[in-house]
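Please open the structure in your viewer and keep the selection tool at hand, as this tour moves from one selection to the next.

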Amino acid sequence: MRFDTVIRNGTIVTAMDTCVADVGINGEKVSAIGAQLPVENAGRVIEAAGHLVIPGGIDVHTHLDMPFGGTTSADDFQTGTIAAAFGGTTTLIDFAIQYKGQTLRQAFDTWMKKAHDKAVADYAFHCIITDLGSAQLEEMGQLIREGVTSFKLFMAYPGVFMLDDATIFRAMSQAAKYDGLICMHAENGGAIDVIEATSRAIALAEMAGAPVYIVHLSCNEALEKVREARDRGLPAYAETCPQYLYLSLENMDAPGFEGAKYVFTPPLREKWHQEKLWQGLAKDTLQVVSTDHCPFCFKEQKELGKDDFTKIPNGGPGIEHRLSLIYTGGVHGKRFSPNRFVEVVSTAPAKLFGLYPRKGTIAVGSDADLVIFDPNEEQIISAKTHHMRVDYSMFEGIQIKGVPKTVFSRGRAVIDSGKFVGRPGAGQFVRRQTYAGL
Ligand code: URP
Ligand code: ZN
Ligand code: ZN
């Protein structure tokens, strides 16, 4: 048998198994896994002894090229997917925003144009619904058939994105009918109280007979609500993000206007919440780590709020360091195994959002989205060395241990020994399957 590429002697880690073996790639797919695959005729042989070989990361919560707060998020689909690839993420699910008066299709078409020709790795979309008349209700089914199988609804941002309970319930019922998944921004926009919103989201979903996925969960009280729902057997899921695991309210005390770097929703919490969230990941109350990458430069963008903090565009940059931060705190921090690490950054996102088993695992026939990961290399995160198009890092100075070295997207190297070798436009839109549980 001839292979285009063989990755030799790496430690293959999936959510289920760990074994030292070779991975053979032909075209866009993994074509063999085994001991001592023949390499005589291989196009390329990569020695990966001492490294992990893991499925490409899947970031299900990013905001690239998004008009927001009087400006536009700083990374577009080119710079954002390049930074993602440096960090070992080979698929992302961004948000196509339906503005009031628009059809859902207009939102989808607009975001497809933003990504086309720019993305260096694969992408998909959730649709943010802000206006749900009977036409858009019908469109939900159409979009699901075209591979946009999840929708984000907001209980916050009054007058912009926020929906009332009746609309949320209608959207959930429709999602349940077509096996779509509702992603909920669970903060109460009238009286900012995250706990009330998480339990209300779960209650509405239970009544609608729909699964619900709580995005960017940030605090222990909301975590408890998800745990209670899951203990009752409800299909309730949640993600958290590295900022809630590593940063706290103390960051807001940074000198001068620097605290603006940490303005996002939900806000940072007291430090003690961090360990609760790590334990939530370890115990499967939380299933996913995404980034909510929503980058605004400090200069000129965050500074829009210099004289009025309500004008600070909310969001933070994180697409690049998700895998390293979770490996550092999760595996080196002895909170969970390398398999659980793979599960929360790749496999569970793939399963929940209709990408599995094409993505999210290493198996014969799955996409050759692969990361050769050095579990012992140490680096210090800095805006001076990162690849995101933003002039600061939320994680400046934090030491990581565990770094992606070579990254494949559908069989082609995008990052090769730490260098970008990909091509804008090589990334493809991925039509996702409908929700089928975890
Ligand atoms: O502050 C944040 N998270 N901005 C992005 C929009 C959102 O709510 O996810
Ligand atoms: Zn949100
Ligand atoms: Zn977001």
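A donor is here an N, O or S atom within 2.8 Å of the metal, and because water is not among the atoms, a site may look incomplete. Keep in mind that this is a predicted model.

Begin by selecting the zinc ion (ligand 2), which is coordinated by NZ of Lys 152, ND1 of His 185 and NE2 of His 216, at 2.1 to 2.2 Å. Along the chain, the donors of this zinc ion follow the spacing K-x32-H-x30-H. Now add Lys 152 and His 185 in cartoon view: Lys 152 belongs to strand 11 (residues 150–154) and His 185 to strand 12 (residues 181–185), so that the pair, 33 residues apart, links distant parts of the chain.

Are these two residues buried or exposed? Because buried means under 20% relative accessible area, Lys 152 counts as buried at 2%, and His 185 is likewise buried at 1%.

Next, select the zinc ion (ligand 3), which is 3.9 Å apart from the zinc ion (ligand 2).

Then turn to ligand 1, which sits in the largest cavity. Around ligand 1 there are 13 residues, of which Lys 152, Tyr 157, Thr 265, Asp 292 and Asn 314 come nearest. Show the side chain of Asp 292, where a polar atom lies 2.6 Å from a nitrogen atom of ligand 1, and then that of Asn 314, where a polar atom lies 2.8 Å from an oxygen atom of the ligand. A polar side-chain atom of His 61 lies 3.4 Å from an oxygen atom of ligand 1. Finally, switch on the protein surface: the protein covers 99% of the 270 Å² of accessible area that ligand 1 has on its own.

Conventions:
Residues are numbered from 1 along each chain as its sequence is written. Chains are lettered from A and ligands numbered from 1 in the order in which they are written. This is a predicted model: local features need pLDDT of at least 70, side-chain atom pairs count only at pLDDT 80 or more; totals for chains, interfaces and linings use all residues. Side-chain values use heavy atoms; hydrogens and water are left out. Donors are N, O and S atoms within 2.8 Å of the metal (3.2 Å for Na, K and Ca); water is not among the atoms, so sites may look incomplete. Helices (H or I, at least four residues) and strands (E, at least two) are DSSP runs, numbered from the N terminus. Buried means under 20% relative accessible area, exposed over 50%, partly exposed in between (1.4 Å probe, protein chains only). A residue is near a molecule or strand if one of its heavy atoms lies within 4 Å of it. A polar contact is a pair of N or O atoms within 3.5 Å; within protein, one must be able to donate a hydrogen and the other to accept it, and residues adjacent in sequence count only if both atoms are side-chain atoms. Accessible areas come from the Shrake-Rupley method with a 1.4 Å probe; for residues, only the protein chains shown count as cover. On a 1 Å grid over the protein atoms alone, a cavity is a set of points where a 1.4 Å probe fits but cannot get out, and a pocket is an open set with protein on both sides within 12 Å along at least five of seven lines; lining residues have an atom within 4 Å of a point. A molecule sits in a cavity or pocket if more than half of its atoms lie within 2 Å of its grid points.
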